[in-house]
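Colleague: I am new to this structure and should be grateful for a close look at one part of it. Please choose a pair of packed helices, and then set that pair in its surroundings.

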Amino acid sequence: MLKDITIGQYIPGNSIVHRLDPRVKMINIIILIISLFLIGRFTGFAIFLAFVIFTILISDLPVKRVLNGLKPIFFLILITLVLHIFLTKGGTVFWQWRFISIEEEGIYTGLFMVSRILLLIMFTSILTLTTSPLQLTDGIEYLLSPLKRFGVPASELSMMMTIALRFIPTLLEEADKIMKAQMARGADFESGNIIQRARNLIPLLVPLFISAFRRADDLALAMESRCYQGGEGRTRLHELKVQKHDIVSLVISSVIAIIVSFY
Amino acid sequence: MFIELKNIFHEYNQDQLVKALVDINLSITGSEFIGLVGHTGSGKSTLVQLLNGLIKPTRGQIIIDGIDITAEKVNLNRIRQKIGLVFQYPEHQLFEETVYEDVAFGPRNLDLNEVEVKKRVEESLALVGLEYEKIKDRSPFNLSGGQQRKVAIAGVLAMKPGVLILDEPSAGLDPRGRDQLIDLLYNLHFEYEMTIILISHRMEEIARLATRVLVLDHGKLVLDGSPQEVFSNRKKMQELGLDLPQITDILHRLRERGFDNIRTDIFTISEASREIVTELRRRD
């Protein structure tokens, strides 16, 4: 039931993209996303798309999975397209009925925006598909560490993210168990209108929250009894090191970014 | 209450073919007290969830009182009323503000009127040995662990099931709590004629209470018989990695050391000591 939910869509692999340093991977993504918003022509998108396809191919990802990732944003894309087509005015008028009209500018900006969103999602999904959640949080910690000077608790934040990710499957399992226990007492989670359904969730949510708090307490104690004192001075098992291929990837993305944004 | 399982197969993850149950055939008639044993991952919990309609078998039929619960569109709530299921650590499912409300959750889901609900709450709290007037308005979260478990079990008893299934109900209880629980199960079965299926790793409990023992191993039903039959098969039990009741184990060992005529189908200390004494007298 609840176990079908997959969180973190990481697909393990050993491609060059998988092996990139997570920090470098994130910087690459940021550079290319900025350039994606600077693109002014469709040719820019075409080059960008070619690069995305190239990355997917060398990272050995199943193309189907990447495309599946686009499903949840289908409505967002549809709404963007429709709004732009009907609301943006200018250029040749293709069709008109009373005050509603479809004009050249509308179709152009509509398609433009949709291409941008599609590429954005496809490209960022490569990051989550090729980087394990742990690497991701490690990378985020490093990238946030300059902000420590301004009082941002970077290592605590990343510890929180790691713990949260770690406990998602545990909580799902727990939810499944409680749900079954309540169903054995005749609880109904599947029928009724929205308000009834929300109310029917109380027998699930109250025990779930209580157990989450209890787990949090236990975990805090367990961490403290093993001398966890916060991020200060902590070392790690897998040190991140920037290697040759990381530099090469940075150069490539920068070149692509410059080409597409100024073309 | 009549339960019949025909050729039950269950696989959890269809891709990886994790076989949880393999070709289980079983019929439970009238009033039995069944001890269900097997080591972790042998399929005990899967089996009891199937009986309650919480999961559907991959293949096979389960018939409860003439109703095939594996068929499409079965009113599962009626099945769940007949078969009460007490999960492991049932106190983790408590959620209401007062003990009364929590125990009343099940009966209310059966659309009973408030008079009947109140009657059932009183009865089931009395059954588990809690004083209705004292405890009904307290928050279940302020009770001791043992009391919480009693309230949770009362919540299932309030559905008035004909069959009660308990998944390791004594785990984590202190010796006194365990004894009280055993008394409760004893009463439910021998006084109220409830069919009980008890999952437990404590063979002493099983030996004291059960009239029939089922042993699961890797999803297969490997032994099915009276406690005498099952526990006298010491070799098989050892192969399966399961314990015997300690006292029975001692008798088996005495037999190995030369007491050839000593009985080994004994589970209580008093009976065992009597047997040892008679055996010693026989020797003199």
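Modeller: What follows is an account of one helix pair, then of its chain, and then of the partner chain. The model is a predicted one.

The pair consists of helix α5 of chain A, residues 74-87, and helix α6 of chain A, residues 104-130. Two packed helices are described by the angle between their axes and the distance between the axes. Here the angle is about 160° and the axes lie 7 Å apart. Angles over 145 degrees count as roughly antiparallel, and α5(A) and α6(A) are therefore roughly antiparallel to each other. The crossing in which α5(A) passes α6(A) is right-handed.

Which residues make the contact? From α5(A) come Leu76(A), Ile77(A), Thr80(A), Leu81(A), His84(A), Ile85(A), Phe86(A) and Leu87(A). From α6(A) come Gly106(A), Ile107(A), Thr109(A), Gly110(A), Met113(A), Val114(A), Ile117(A) and Leu118(A). Sorted by class, the contact of α5(A) with α6(A) holds 11 nonpolar and 5 polar residues, and no charged ones.

The setting of this pair is chain A, which has 11 helices and 2 strands. Read from the N terminus, the elements of chain A follow the order α-α-α-α-α-β-β-α-α-α-α-α-α. The C-alpha trace of chain A spans about 70 × 55 × 40 Å along its principal axes. The radius of gyration of chain A is 24 Å, whereas a compact globule of 263 residues would have one near 18 Å. Of the 263 residues in chain A, 18% count as buried. Among contacts in chain A between residues at least 6 apart in sequence, 73% join residues at least 24 apart.

Chain A also touches chain B. To this contact chain B gives 20 residues and chain A gives 15 residues. On the side of chain B that touches chain A, at least two residues each are supplied by α2 (76-82), α3 (99-109) and α6 (145-157) of chain B. That side comprises 10 nonpolar, 9 polar and 1 charged residues.

Some single residues of chain B complete the picture. Most residues other than glycine have a negative phi. Asp111(B), by contrast, has a positive phi, near 60°. Asp111(B) sits in the loop between α3 and α4 (114-127) of chain B. With 8 C-beta neighbours inside 10 Å, Asp111(B) counts as exposed. Glu168(B) likewise has a positive phi, near 45°, and its loop runs between β7 (163-167) and α7 (175-190) of chain B. Glu168(B) is partly exposed, with 18 other C-beta atoms within 10 Å.

Gly219(B) belongs to the loop between β9 (212-217) and β10 (220-225) of chain B. Is Gly219(B) buried or exposed? Gly219(B) has 23 other C-beta atoms within 10 Å; a residue is buried at 20 or more, and Gly219(B) therefore counts as buried. Leaving aside neighbours within four places in sequence, Gly219(B) is in contact with Lys19(B), Ala20(B), Leu21(B), Val22(B), Ser42(B) and Gly43(B). Gly219(B) and Gly41(B) are 178 residues apart in sequence, yet their C-alpha atoms are 8.2 Å apart in space.

Conventions. Residues numbered from 1 in each chain as written. Chains lettered and ligands numbered in written order. Predicted model: local features only at pLDDT ≥ 70, side-chain atom pairs only at ≥ 80, totals over all residues. Contact = placed C-beta atoms within 7 Å. Helix = DSSP H or I, 4+ residues; strand = E, 2+ residues; numbered from the N terminus. Nonpolar A, V, L, I, M, F, W, Y, C, P; charged D, E, K, R; others polar. Rg over C-alpha atoms; globule rule 2.2 N^0.38 Å. Buried ≥ 20, exposed ≤ 12 C-beta atoms within 10 Å, placed from the backbone. Axes fitted to C-alpha atoms, helices over the stretch in contact; angles between N-to-C directions. Parallel < 35°, antiparallel > 145°, perpendicular 65-115°, else oblique. Left-handed = near helix turned anticlockwise from the far one by under 90°.
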